[in-house]
Structures are given as structure tokens and as C-alpha cells.
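Here are my notes, set out as numbered points for a colleague who wants to check the details against the coordinates. Please read them with the structure open.

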Amino acid sequence: MSSRVEILNDGGFRSDGRKQYELRDITIDLSQQGTADGSAIITHGLTQVMVTVFGPREAKMRSQTLHDRAVLNVEMSVAPFSTGERRKRSRADRRILELSAAIESTFEPVVQTSLYPRSQIDIYIHVLQQDGGLLQACINATTLALITAGVPLLDFVCAVSGGVHSTEPLLDLTTLEENDLPNLTVAVMPRTRKVTLVTMETRLHVERFRDIFELACEAGQTIHKEMKRAVKDRTVALVGAMDAGAKHPSGDPDRDLTMEDR
Amino acid sequence: MPRPPSPSIPEKEFVYGALKQSLRLDGRAMLEMRTPTLTFGPELGWVECSLGKTRVLAQIDGKMVKPPPERPLEGMITIHSELSSMASNEYELGRPSDQEVTITRMLDKVLRRSDAVDKESLCVLAGQRVWHIRLTIHVLSDSGNMLDCACLAGIVALKHFRRPEVEVVGDEITIHHPSERAPMPLSMHHTPYCFTFAFFPDPSTPPLLDPSHLEETLSAGLLSVALNAQRELCVVQKAGGVPLAPEDVLRIMDVAVQKAKELDKIVESALQDDWAGRNVEVR
């Protein structure tokens, strides 16, 4: 692990000025994208991912449908300009196929597919910018896009990446850190605190894994707060817009918004 | 394209019911692996590994090539995996299925990207000549947990393989035939083993290790862990499936640590036995 850049300096700061457990800025844009039923753009620092959801709708291929539940179809495309080195990846790239298969099976038990038999939900993921934490951004954006599409979910799925620098755990890695450190991505369901996805590809001692894994589960809760706030803000804006159009505003506009807090 | 036949409803209910009482159809305990059988072929680096009726053949050959300009000091390792329709009628030629993609990617991560083989030691002459190690994995028959079997076959083959001794004088490279000088083993950093655990939709069913084909089909999620006997995790892969409590994940890691130590012993003794019975002639 030779690195020209100091990952964590003596003052406890990382190369981009963050502390060890600090996450990057998250911005969430839930505005409408074309004719999609739901869409979301999420930015984790310099990583940006756009997801559009179509459906539940009739499947293009009849033979692919299931009689008792909806089928999720995840397609991922990585923009050639998303990385520093411009490079076109084909849709059949194994890494991309693996990522989209991972996302598909992450959401299969979370989406209440049994409510829509014989239909299909299409999830199109576009990676616009990459700077580490690609899978994390894809999962978070997919959750938000499914929510804006009104697809019933059992819970949010919040993902976060983490790494270990010698013995110090770090959260939310950039590409620079990802290349140098053993790293993992964890996706949690904040309400039940259960883990739906764990991936790690580099060598790491079991004890270190335990630290960073527990920390990442905690960090998922923080991401959840951000995501929930974005969803609430959007709903408030929508209800406000409906009220403005109605002739007789019906009482307290916040009445329908009382989501239980957790 | 016909769908693979799914287990019938009574079969499904029976298996779920039995597993709930921690009973498996083949009589194993929940966290018991089928004992792997390793058969070595006449050549070095030819290993057939079987876990029950799952059989995988791994074969290695090495040749000298010119290294790519961006990595002049490293040898190359490539993994070819073949899931032919011979293994099971669920595979067919054409576009790779999801399972095939997962298996190839996992093999790549476990055997190549975990730095099991020291690539720099495969360099013969910087920028000119390096060893190119080709690992071919053929799945002969699939009755569940093909991934663990393929990883085991691959790693044992890498340990079993010996490359010819090479001598460099100035710019001249001499490759000595195995009959002249004893061939060299590859230098390995560590030996990762892969373990797959299956989870079931009912949360009261405990997780099980090394699922058979039926258990794999009925499971609601798989977790694969690759680690070495030194308690270092190399790959953890749980892509979706039934959600688990964080403690459960950590408990599984502890189980895997135990199993890796046991498996390491089996592999080492099998390799030693084979080496003892092998007569490498050196004049």
C-alpha cells in the first residue's frame, strides 16, 4: 500500500479535509425527469447517480413475467465522461452486470412485488460522475426513485461505504481512498436495522471488519435521515401545490404528512 | 427458453419444515460442509475437486509472454471458467446468466484480486518476459455450491502447480525442462477459501453452510465469505436476499474462520500426500 497522498494525516484529517467518520455532502434532487414515474439524482461528494423508475407496468416480454409478483429489471449505464479517464464501457461489462444484479437482488425483498402480479418495474441507473462509493450512490438513488414512483417498499435501503486505514476506520471513501484501502459497502434497512447487502473485495482482518461493519451500519442511519428529509420536503411541496389549486383548502396541510418518526 | 423446473410445493414445504428443526435432507448438521475430495492428475496443476456430487476440474498452464507496457514487472494470471450445459441442464450457451456472471466475478476476486499469487515473482526479465498463468475451470457437474468447489479447485491447483525453472544470463533466457531441474512452485501470499451460507425466508430457520442444489434453489439469500486460515477476509459478498441482523453476519464470520482452519488442514495434507507419492526426476 504505497501511496503518494497521505490518507489520514497526523491531525486526523483526510485528503479532502474530512474527519474519519465524516460523510461527504449529500444532495438529493427528486424532480421529475421526462415521462418517468419516479426519478432521483443523488450526489455524494463528487459521485453523482441518476435513477429513473418506470412502472409497475406491463412487461415487454410476456414470458418474463411471474404470475404472483412483479419482476424488477435493473439496467445500469455508466457515462463515458464519468471518470477521469474517458472510457466507454459496454452494457455487458461484467462489473456493471454484477452491480446491477446486486442492486436487483437487494431490492427484490424490499419492494412489495406481490402487490403487482404479472407486471414489471424497470429501474434505469445512469452513473454521471464517479468518485468512489458507486454502489452506495446507486442503491440510495434507487430507493429514492422507487419512493417517488410510489412503489410500496417495506423500508428505505441506505447504503454506505467504509474502509480501514491501518487500524482506523473511515467512512464514505473517495476514489483515491478506495484504491488504497480495503473497503466495503453495507446497505441497511434503518427501521429493522437489518443488513441487506455487504460486499468487500480486499483483504482485511476479521477484527477490523467487525469495527468498520458496525460503524457502517450506524452511518446508514444518518444517510436515512437525509433521505427521509428529502422525501418529506418533496411531499410537503406536492401537497402545498395541490392546496393552492383547490378552491377550498382542507384545513391543516400537514395533516396527511404525519409519518411516525424514527 | 424454458425455465428450470422449480421444486414442487410438497417438496418445498418438506424441506422448509425439516430445516426449521435443523435437519437436512442429506443428514448433515446445519454448519457442516461436505468433505471435499481432491484428486490430482498426472500433470502438475491438474486438480479435480468434488463436494458431494458437485465436481469441478481445474487445470493450469503457464507460458512466457511479453508483459503489457503498463505493468512491466508483473506476471499475468487469467481465469477461464466454463459452465457448460454438461454441469446441469440449467445452463446453456449464449448470453451469460446472472449466476454465471456471479461465479466468474467471484472466482476472479477470490483467486486473482485477493493477491493470492505473488505476481512480481512471475516476472522473468522486466518488460521483456513474464509468466502468464492460465487457470481453466471446468464445472463437470453441479449439485449445489459450485462456487466454493470451484474456488477450492482453483486455489489447490495454484498450490499444486510447478513452473519450470528459468535461468537468465544477460538477455538470454533458458527454460529448463522439468527433467533437468526440479520445477518451482508458485510463490503464494496466502490461500483463501470460499464458504457459502444459505438463508431461508423464515427467520427462525438457522443459516446453513454448503447448500445442496435443492437447498440453494429454495434459499432466500446467499452469503459468500472468502478468507484464509490467518483470519483475513478476502471477499464478503451478500448481494441482496433476505435481510440479516448485523450480529448474525458477524457470527457467520466466526464460523467461517473455524471452517477455514479445518479446510486448510485437509488441503495441506492432501497436497503433501500427493507430493510424497509423486516422483519428480532430477538428473
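1. Which residues of helix α2 (residues 98-113) of chain B are buried? In this predicted model, the buried residues of α2(B) are B:E100, B:V101, B:I103, B:T104, B:R105, B:M106, B:L107, B:D108, B:K109, B:V110 and B:L111. Just past the end of this helix, B:D115 adopts a positive phi of about 60°.

2. Strand β11 of chain B, which spans residues 193-199, is mostly covered, with seven of its seven residues buried. The burial involves both faces of the strand: on one side lie B:Y193, B:F195, B:F197 and B:F199, while B:C194, B:T196 and B:A198 occupy the other.

3. The pairing of β11(B) can be followed on to two further strands of chain B. With strand β13 (residues 221-227), β11(B) runs antiparallel and is joined by seven bridges, and within that pairing B:L227 is the bridge partner of B:Y193. With strand β12 (residues 208-209), the pairing is again in the antiparallel sense and extends over two bridges, B:L209 being the bridge partner of B:F197.

4. In chain A, the axes of helix α1 (residues 94-107) and helix α2 (residues 134-148) come within 11 Å and cross at roughly 45°. Since angles from 35 up to 65 degrees fall outside the roughly parallel and roughly perpendicular ranges, α1(A) and α2(A) are therefore oblique to each other; their crossing is right-handed. On the α1(A) side the contact is made by A:R95, A:L99, A:I103 and A:F107, and on the α2(A) side by A:L134, A:L135, A:C138, A:I139, A:T142, A:T143 and A:L146.

5. For chain A, an unreviewed UniProt entry lists "domain: Exoribonuclease phosphorolytic" at residues 22-152 and 155-219. In the model, the span of residues 155-219 is 31% helix and 43% strand, and its end C-alpha atoms lie 16 Å apart.

6. Is B:G170, in the loop between β8 (166-169) and β9 (172-175) of chain B, buried or exposed? Its relative accessible area is 59%, and because the cut-off for an exposed residue is over 50%, B:G170 counts as exposed. The C-alpha atom of B:G170 is separated by 60 Å from that of B:A245, a residue 75 positions away along the chain.

Methods
Residues numbered from 1 in each chain as written. Chains lettered and ligands numbered in written order. Predicted model: local features only at pLDDT ≥ 70, side-chain atom pairs only at ≥ 80, totals over all residues. Heavy atoms only, no water. Buried < 20%, exposed > 50% of the residue type's maximum accessible area, 1.4 Å probe, protein only. Helix = DSSP H or I, 4+ residues; strand = E, 2+ residues; numbered from the N terminus. Pairing = 2+ DSSP bridges. UniProt positions renumbered as here; feature names shortened; annotations may be inferred. Axes fitted to C-alpha atoms, helices over the stretch in contact; angles between N-to-C directions. Parallel < 35°, antiparallel > 145°, perpendicular 65-115°, else oblique. Left-handed = near helix turned anticlockwise from the far one by under 90°. Contact = heavy atoms within 4.5 Å.
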